[in-house]
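Colleague: Got a minute? I'd like to go through this model with you.

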Amino acid sequence: VVLVGILSVALVQAQGSIRKLQERQKEEKGEAQGQTKKPPLSQVEKLIASRRSIFPKDYNGKVVPRDIITKMLEAANWAPTHGKTEPWRFVVMSGEEVKKFTAMKNEENMKFLTEGTEEWEYAMKKIARKQKELENVSHLIAICLKRVVGKKGKLMPEWEDISSVACAVQNMHLVATAAGVGGYWSSGGWNKALASERIKSFLGMTEEGDRCLGLFHVGMSDKIARYRRKPGSWEDKVVW
């Protein structure tokens with residue numbers, strides 16, 4: 001009787017393991033076919049509402065693991081895109097690369113100012129302040145737009161490609177938020193330093209229509225919980 005009982009328990013456990021294996025195989029098959037399991041709506045809403053722009057001044061200098069950066073970029077690649085042009089391009093920098101790029105960007109920005117003027121003095125002070133803040137940045141990601149000919153042999157309207165890039169950045173930022181990592185999209189210099197041939201060449205954006213739309217700062221922070229936001233009512237922005 002005891003032996004029969006033991007065998008019965010073992011059989012039940014084996015059947016349970018087989019069911020779990022079959023469920024996992026079914027799940028993996030669905031993922032391979034693009035049928036990923038959807039997270040609960042409440043979790044998605046909570047993640048979106050918890051996203052914040054965390055400024056570099058509040059980073060602590062710790063390095064963000066490379067696998068988190070990879071997941072951010074993978075998420076960006078799922079952004080919507082008209083004509084399947086996938087116009088987003090990213091250049092990831094860290095360590096000395098950040099310092100080198102920042103110095104180059106500052107040099108290009110100063111070309112638009114006249115030495116000795118109030119604007120020049122203000123810019124010099126701002127550069128010094130930002131330089132100190134950037135020391136705690138783990139990664140700096142250049143957000144770029146690559147004009148791509150669609151499958152029908154034509155370019156999509158530029159505003160649509162820019163919108164796709166923005167959606168890609170939002171995806172990237174949401175993954176950073178979920179991982180407890182700070183992120184901040186700075187658009188400063190998009191029409192000056194970041195539009196210069198020197199910067200565009202450095203980023204590999206050398207073809208007609210290529211643009212750098214800003215820089216995404218990534219870093220660890222102990223102050224994320226301090227960031228608060230209370231948006232205006234969504235109902236005030238909607239007409240039914």
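Modeller: Sure. One term to begin: a polar contact is a pair of N or O atoms within 3.5 Å; within protein, one must be able to donate a hydrogen and the other to accept it, and residues adjacent in sequence count only if both atoms are side-chain atoms. Also, this is a predicted model: local features need pLDDT of at least 70, side-chain atom pairs count only at pLDDT 80 or more, and totals for chains, interfaces and linings use all residues. Residues are numbered from 1 along each chain as its sequence is written, and side-chain values use heavy atoms, leaving out hydrogens and water.

Colleague: Which side chain does His-82 join in a polar contact?

Modeller: That of Glu-160, at 2.4 Å.

Colleague: And what does His-82 touch?

Modeller: Met-156, Glu-160 and Ser-164, not counting residues up to four places away in sequence. Contact means heavy atoms within 4.5 Å.

Colleague: Where does His-82 lie?

Modeller: In the loop between helix H3 (66-76) and strand E1 (88-94). Helices (H or I, at least four residues) and strands (E, at least two) are DSSP runs, numbered from the N terminus.

Colleague: New topic. Why is strand E3 called largely enclosed?

Modeller: E3 covers residues 182-186, and 4 of its 5 residues are buried, so the rest of the structure largely encloses it. Buried means under 20% relative accessible area, exposed over 50%, partly exposed in between (1.4 Å probe, protein chains only).

Colleague: How many bridges join E3 to E4?

Modeller: 5, and the two strands run antiparallel. Strands pair if DSSP finds at least two bridges between them. Trp-185 stands opposite Phe-216 in E4.

Colleague: Is Ile-48 buried or partly exposed?

Modeller: Partly exposed, because its relative accessibility is 46%. Ile-48 sits in helix H2, residues 41-50.
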